[in-house]
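Reader: I'm new to this structure and would like a close look at one part of it. Could you walk me through the largest cavity and what sits around it?

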Amino acid sequence: MLLVLQRMAASHSLFSSSLKLTSIHLLHHHRCPLKRIVSISRGFRRTQIRALSLYQKSYGLSTTTSAVATDSTDSAVLADEKSLDESLTEKIVLPTNESSERLLRIRHTCAHVMAMAVQKLFPDAKVTIGPWIENGFYYDFDMEPLTDKDLKRIKKEMDRIIGRNLPLIREEVSRDEAQRRIMAVNEPYKMEILDSIREDPITVYHIGSEWWDLCAGPHVEFTGNINRKAVELESVAGAYWRGDEKKPMLQRIYGTAWENEEQLKAYLHFKEEAKRRDHRRLGQDLDLFSIQDEAGGGLVFWHPKGAIVRHIIEDSWKKIHIQHGYDLLYTPHVARADLWKTSGHLDFYRENMYSQITIEDVLYQLRPMNCPYHILVYKRKPHSYRDFPIRVAELGTVYRYELSGSLHGLFRVRGFTQVLWDDAHIFCLDHQIKDEIRGVLDLTEEILLQFGFSKYEVNLSTRPEKSVGGDDIWEKATSALRDALDDKGWSYRIDEGGGAFYGPKIDLKIEDALGRKWQCSTIQVDFNLPQRFDITYVDSNTEKKRPIMIHRAVLGSLERFFGVLIEHYAGDFPLWLSPIQARVLPVTDTQLEYCHELTNKLKASGIRAEVCHGERLPKLIRISENQKIPLMAVVGPKEVATQTVTVRSRFGGELGNMTVEDFISRTKSASEDRTSF
């Protein structure tokens, strides 16, 4: 899918800059959310791209946009408006590795060119692997740590190699010959890679006659096919060989490569905008959360403002689930280790679990998942076919082990961390699967639309080679998932053989304001756990039968979802979700008494409000805007005398003088309706 860099609603000021090139004219500030069609024809597949509609009016969320599913090569479009202004058809779009084979070849060749450059400059460096990735490429080296100055030297050497227009030559050799060549150049990692290759003959790619690598391709024909001005080395990071912390730490050089300079510039604009939205920086600037070194890496401390947002999300989640017929559960954080043997987690998931705890000579295990607990709740009493479907849901803390090198703010928290997991299970009969899946799709859409996520990529994963369960139930379950998606009207891709060994599944990725996709929701049919735990019900013939179990998560980890939200909104939470909805600002401290009375009235009405004073009014306003407070209630002598407030909106500017009752009423109404003030 092509990524539209400016896929953002122009009605919101934070989207009216950052991702434009100088030749691009942006939409005016107060136009309605963008729902029109951009036609792309600049050398790419002619594709229609629909901009993500985030905001209604200033910063109230739109919840009316229909969900659109997309796949990796096409954009499913729902729109009925005419084409955009002529200037907007000149938007820069970025191709992907899937949409442009030429780009993929460029990136793969850049990885080889970089490795060649590194070994020219650092002859003792040992090469390992160098694949293309989403926005470029990387290569791992066993060598001394690199500096920014080293990266500049490497880039210059890459430019020389590209400028020489050397041919990329594919060669097939025997395994013995490949082994002989690797030993001759003393590349131990390549020998390990060779041992893992099962196919013969072995393919090798040469750059001219000076450098070669084990590789299956593909590549460009000549290094000169790469535009050196469209390539940039970005960073260096540590990476364990084969991802194993017991193996050597390597130097991983990341680079980005594009077909032309225009695309690189657009990508760099995108990258700057992503940096501006980084949840780790915004979390600190807005005092939402922190990760304290004294406590340990990956441990999230929710500060009061962040905790308020979490509380609102949790309350909304619970309310919607109850409305959809779910019963809420709370279950223990630990259980006997035997439970995890029965579930199979100790056999298949042990590397992601913590060491066991001995309590009174019995082994206990911190839970990595909630599934076995919900099964135990099901098994507490006999069930009849009349009881189904049974739906249970829990915002439960789970504990998963993560290597320190993979930690990344809220996106990847460590196993020590208590991760609040949005989890639910449905127990149903065979013929109820489709309706239950459709119900989950509706619930998922309802929850995600609250936060402005209206565009999704959906995958249906089918039976793998190794699986449990008979052909009949697999076919029935897969058809039910497919029929539910068709009934919903969402387009999707079939991932043949991509299901879990215990059942088919639907995966849903949400698309944020920058067009980035985040794995979010999962719906998984399970034939395995009901069998392992021997759960049954009595059918209409008084015979014991086994129910179907459906695992389901909408938001996934609340920590991770909160990080996505911060970046999606760039910290500008809509009024209903903002930790502080209104800040009361006195012109001078002589109005403080009235300000406190006003704040107490706002709080009593359910509005999250606070007083800020001690500075001149212009500075108080500036501080409030920097802290992304949606509404400011300014109080001077006139307001005290008339028992009113002068309201200022972060994006709407001065909204005029109004009574306290009117201000409260309008704020509550906007918050309840999820719209702007």
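Author: Here is a walk around that cavity, with a few side trips to other spots at the end.

Bear in mind that this is a predicted model. For a bit of background, the protein has 18 helices and 35 strands. Of its 677 residues, 55% are buried. Among the contacts with a separation of 6 or more, 71% are between residues 24 or more positions apart. The protein exposes about 30,300 Å², and carbon and sulfur atoms supply 48% of that.

Now to the cavity. The structure holds eight cavities of 30 Å³ or more, and the largest has a volume of about 100 Å³. Which residues line the largest cavity? You'll find Leu286, Leu288 and Lys305 there, then Gly571, Phe573, Ser578, Pro579 and Ile580, and finally Gln627, Lys628 and Ile629. Sorted by class, that lining comes to six nonpolar, three polar and two charged residues.

Let's start with Leu288, one of the lining residues. Look for Leu288 in the loop between α6 (279-285) and β16 (289-291). Is Leu288 buried or exposed? Its relative accessibility is 1%, so Leu288 counts as buried, the cut-off being under 20%. Leaving aside residues up to four places away in sequence, Leu288 touches a good few others: Leu282, Gly283, Phe301, Trp302, His303, Lys305, Gly306, Phe562, Ile566, Phe573 and Pro579. Lys305, Phe573 and Pro579 also appear in the cavity lining.

One of those partners, Ile566, is worth following. Leu288 and Ile566 are 278 residues apart along the chain, yet their C-alpha atoms are separated by 9.7 Å. Ile566 lies in helix α14, and with a relative accessibility of 0% it counts as buried. Not counting residues up to four places away in sequence, Ile566 touches Arg277, His279, Leu282, Leu288, Phe289, Leu410, Gly571 and Phe573. Take Leu282 from that list: Ile566 and Leu282 are 284 residues apart along the chain, and 7.5 Å separates their C-alpha atoms.

Move along the chain from there and you come to Ala570, in the loop between α14 (558-569) and β31 (582-586). Ala570 isn't a glycine, yet it has a positive phi of about 55 degrees. That's worth a second look, because most residues other than glycine have a negative phi. Ala570 is also buried, with a relative accessible area of 1%.

Ala570 brings us to Lys628, since the two touch. Lys628 is part of the cavity lining too, and you can find it in the loop between α16 (617-626) and β33 (631-635). How buried is Lys628? Its relative accessible area is 15%, so Lys628 counts as buried. Setting aside residues up to four places away in sequence, the residues that Lys628 touches are Leu282, Leu286, Ala570, Gly571, Asp572, Ser578 and Arg650. Leu282 has now turned up as a partner of Leu288, of Ile566 and of Lys628.

Now for the side trips. Glu360 also has a positive phi without being a glycine, at about 50 degrees. Glu360 is found in the loop between β20 (357-359) and β21 (362-366). Unlike the buried Ala570, Glu360 counts as exposed, with 72% relative accessibility.

Helix α3 (residues 175-185) is another good place to stop; its buried residues are Ala178, Arg181 and Ile182. Looking down the axis of α3, you'd see these buried residues fall within an arc of 100 degrees, so they line one face of the helix. The face turned away from that buried side carries the exposed residues Asp176, Met183 and Ala184. What covers the buried residues of α3 includes β11 (168-173), α4 (188-196), β12 (202-207) and β13 (211-214). After α3 comes Asn186, whose phi is positive, near 55 degrees.

Last come two prolines. Most peptide bonds are trans. The bond from Asp200 to Pro201, though, is cis, with omega near 0 degrees, and Pro201 is found in the loop between α4 and β12. Another cis peptide bond joins Gly217 and Pro218, with omega about 0 degrees. Pro218 has its place in the loop between β13 and β14 (231-240).

Methods
Residues numbered from 1 in each chain as written. Predicted model: local features only at pLDDT ≥ 70, side-chain atom pairs only at ≥ 80, totals over all residues. Heavy atoms only, no water. Buried < 20%, exposed > 50% of the residue type's maximum accessible area, 1.4 Å probe, protein only. Helix = DSSP H or I, 4+ residues; strand = E, 2+ residues; numbered from the N terminus. Arc of directions from axis to C-beta. Contact = heavy atoms within 4.5 Å. 1 Å grid on protein atoms, 1.4 Å probe; cavity = no way out; pocket = protein on both sides within 12 Å on 5 of 7 lines; lining within 4 Å. Points joined across faces, edges and corners; volume = space filled by probe spheres on them. Nonpolar A, V, L, I, M, F, W, Y, C, P; charged D, E, K, R; others polar. Areas by Shrake-Rupley, 256 points an atom, 1.4 Å probe, with all protein chains shown as cover.
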